[in-house]
Amino acid sequence: LSSWAMVSDSSDSSAPRNRTGRSAKGEKGRDQELDQFTGEDKPEDGCGDLTGEYGNIALLMVLYTLQGIPMGLSAVMPLILKERNVSFSDLGTFSLNSYPFSLKLLWAPIVDASYIVTVGRRKTWMVPSQLLIGVVMIVLSMSLENLLYVDQPQILPLTALFFLLYFLCATQDIAVDGWALTMLRKENVGYAATCNSVGQTLGYAMGFTGFMALEHFKLATLPAFMFFWGVVFIVVTLLLAVGKTEKPVPPEDEPEDIPTAYRQMIAMLQLRPVRTMVIVLFTWKAGFAIVDSAAPLKFQEYGMPKEHMAYMTSLLMPVYILLPVVVARWTSSSEPFDLALKAYPFRAALVPLTVALAYCTPIVNGSVPWGFYTVLMLASLMGAVASQCMFVSQMAFFARVSDPAMGGTYMTLLNTISNLGGMWPPTVVFKAMDYTTCKTEDCAVQADGFYVMAALCTTWALVWYLVGTGPAHRLQHLKLSEWRVR
């Protein structure tokens, strides 16, 4: 269940870059990123004075919270689709909707460099993106009766509409990330990351658990819920467009040209350590795909109410918020990736355990099976801890090896690769589950594709740990100069 509590991490893809090719955050920005993971304090930065900043922080919280709501609604959809007997292959198709957030690096330089001066560098993209999000949600709310609540849900149109929502949210995220760097005073820029994390998590919970609770008590339907938030998006955006002005871009912070940004990305991918890291990041999460994607739907298929899963997911939210602070001491060494490699076998061991729990799922009719739920919650908690340890360790390693001359672009490239490494396995697993399922009398061997893929994922995780740990560990011993674009 831990995967259902995850929200898309928004890396600093929109960090302003100046004409010298260095990030506007520069070396100091990279030091701040490192401090975030190492816990080392920089005396010269200190704790910024928040006088006059509370309104800006509140605005950022609102913007990031709104961003998380469509993501939460997107996570609700597979549970509803499964209730309507949609195949796992179709669920794999629907999972493609979240890819834009992992691919936003492809158009981030365009959002960063192109803008209307009279409107503002960030509002040029943020205002139309948010207005369109509101419009799409309203249109979607009016179309659900014909797309979702029919005998055969229309998977392709639903996927396309949610794909568009994610694309607009990703574009809004690029603009908001960049605006936060200039909206807040330099000494308070660190609060932007807090607003991002807390806001997205809160928005995701409102869209996922909030809707589930309202539906459970018959206080709202999905069309009404989406229509309401579509209107909220439009109203908030109009108020923002009129009531909040954006500071003009100083000459020294003018972004570099778009071709230069793309050339930098290509140069990074030609580095041998980066190519090795691509292989690691594209393969190490594949063994967890059955747990991260299909297991919750299998619990639901076997009789566990989706509302109960939503409530359990909410209980895990504090883990995702607080654990990065707790484990910072273990990622402050010269080998921060070691924490991820140590957490890997624990997360791998949870794959067969979760599959066994799915097999033993009791049918919930009235009385709550507290014993089963307790074991499932403990397993989900262990998965959440292992998952976050891997994530924080990975981010600390990215911050350590990123070339400061490339600013936010280097970090964002590594984050994009990592996100893609977590996106393709669920899609493949969903598709493969239907192909490996055969339960009719004509089958030579009757099999449930869920358990077939569970065995393959468990094997993959074991093989990766035996084969991939060594190369991943050795990446930490490379000189930083080997990670630099010459």
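1. Thr 124 counts as buried, because its relative accessibility is 15% and the cut-off for burial is under 20%. This is a value from a predicted model, as are the others in this note. Thr 124 sits in helix α6, which covers residues 123-147. Its side chain reaches back to the backbone nitrogen of Ile 116, at 3.1 Å. When residues up to four places away in sequence are set aside, Thr 124 touches Tyr 115, Ile 116 and Val 119, so that Ile 116 appears both as a contact and as the residue whose backbone nitrogen the threonine side chain reaches.

2. The helix that holds Thr 124, α6, also packs against helix α9, which is made up of residues 222-243. The axes of α6 and α9 come within 8 Å and cross at roughly 160°. Because angles over 145 degrees count as roughly antiparallel, α6 is described as roughly antiparallel to α9. The crossing of α6 past α9 is left-handed.

3. A second helix pair can be described in the same terms, namely helix α12 (residues 289-301) and helix α17 (residues 449-474), whose axes come within 11 Å and cross at roughly 155°. That angle is why α12 and α17 are also given as roughly antiparallel to each other, and their crossing is left-handed. On the α12 side the contact is made by Ile 290, Ala 294, Ala 295 and Lys 298, while α17 contributes Phe 450, Met 453, Ala 454 and Cys 457.

4. Which residues touch the most other members of the largest nonpolar core? They are Leu 158, Leu 222, Ile 290 and Phe 299, in a core of 116 residues. Helix α15, spanning residues 370-401, gives the most to this core, with 14 residues. A second core, separate from this one, holds 16 residues, among them Leu 50, Val 176, Leu 184 and Cys 195. As general background, nonpolar side chains tend to be buried together in soluble globular proteins.

5. Two of these core residues link back to the helix pairs above. Leu 222 belongs to the largest core, and residue 222 is also where α9 begins. Leaving out residues up to four places away in sequence, Leu 222 touches Leu 73, Met 77, Ile 80, Leu 144, Leu 148, Tyr 149 and Phe 211. Ile 290, likewise named in the largest core, is one of the α12 residues in contact with α17.

6. Two loop residues deserve a look at their backbone geometry, given that most residues other than glycine have a negative phi. Asn 85 has a positive phi of about 60° although it is not a glycine, and it lies in the loop between α2 (54-83) and α3 (88-94). Lys 218, in the loop between α8 (191-216) and α9, has a phi near 55°, again a positive value in a residue other than glycine. Are these two residues buried or exposed? Asn 85 is exposed, because its relative accessible area is 71%, and Lys 218 is exposed as well, with a relative accessible area of 75%.

7. For the chain as a whole, the secondary structure consists of 17 helices and zero strands. Of its 486 residues, 56% count as buried. Taking contacts between residues at least 6 apart in sequence, 85% join residues that are at least 24 apart.

Terms used: Residues are numbered from 1 along each chain as its sequence is written. This is a predicted model: local features need pLDDT of at least 70, side-chain atom pairs count only at pLDDT 80 or more; totals for chains, interfaces and linings use all residues. Side-chain values use heavy atoms; hydrogens and water are left out. Helices (H or I, at least four residues) and strands (E, at least two) are DSSP runs, numbered from the N terminus. Buried means under 20% relative accessible area, exposed over 50%, partly exposed in between (1.4 Å probe, protein chains only). A polar contact is a pair of N or O atoms within 3.5 Å; within protein, one must be able to donate a hydrogen and the other to accept it, and residues adjacent in sequence count only if both atoms are side-chain atoms. Contact means heavy atoms within 4.5 Å. A nonpolar core is a set of buried Ala, Val, Leu, Ile, Met, Phe, Trp, Tyr and Cys residues joined through side-chain atoms within 4.5 Å. Axes are lines fitted to C-alpha atoms, for helices over the stretch in contact, and angles run from 0 to 180 degrees between N-to-C directions. Angles under 35 degrees count as roughly parallel, over 145 as roughly antiparallel, 65 to 115 as roughly perpendicular and the rest as oblique. A crossing is left-handed if the near helix is turned anticlockwise from the far one by less than a right angle, and right-handed if clockwise.
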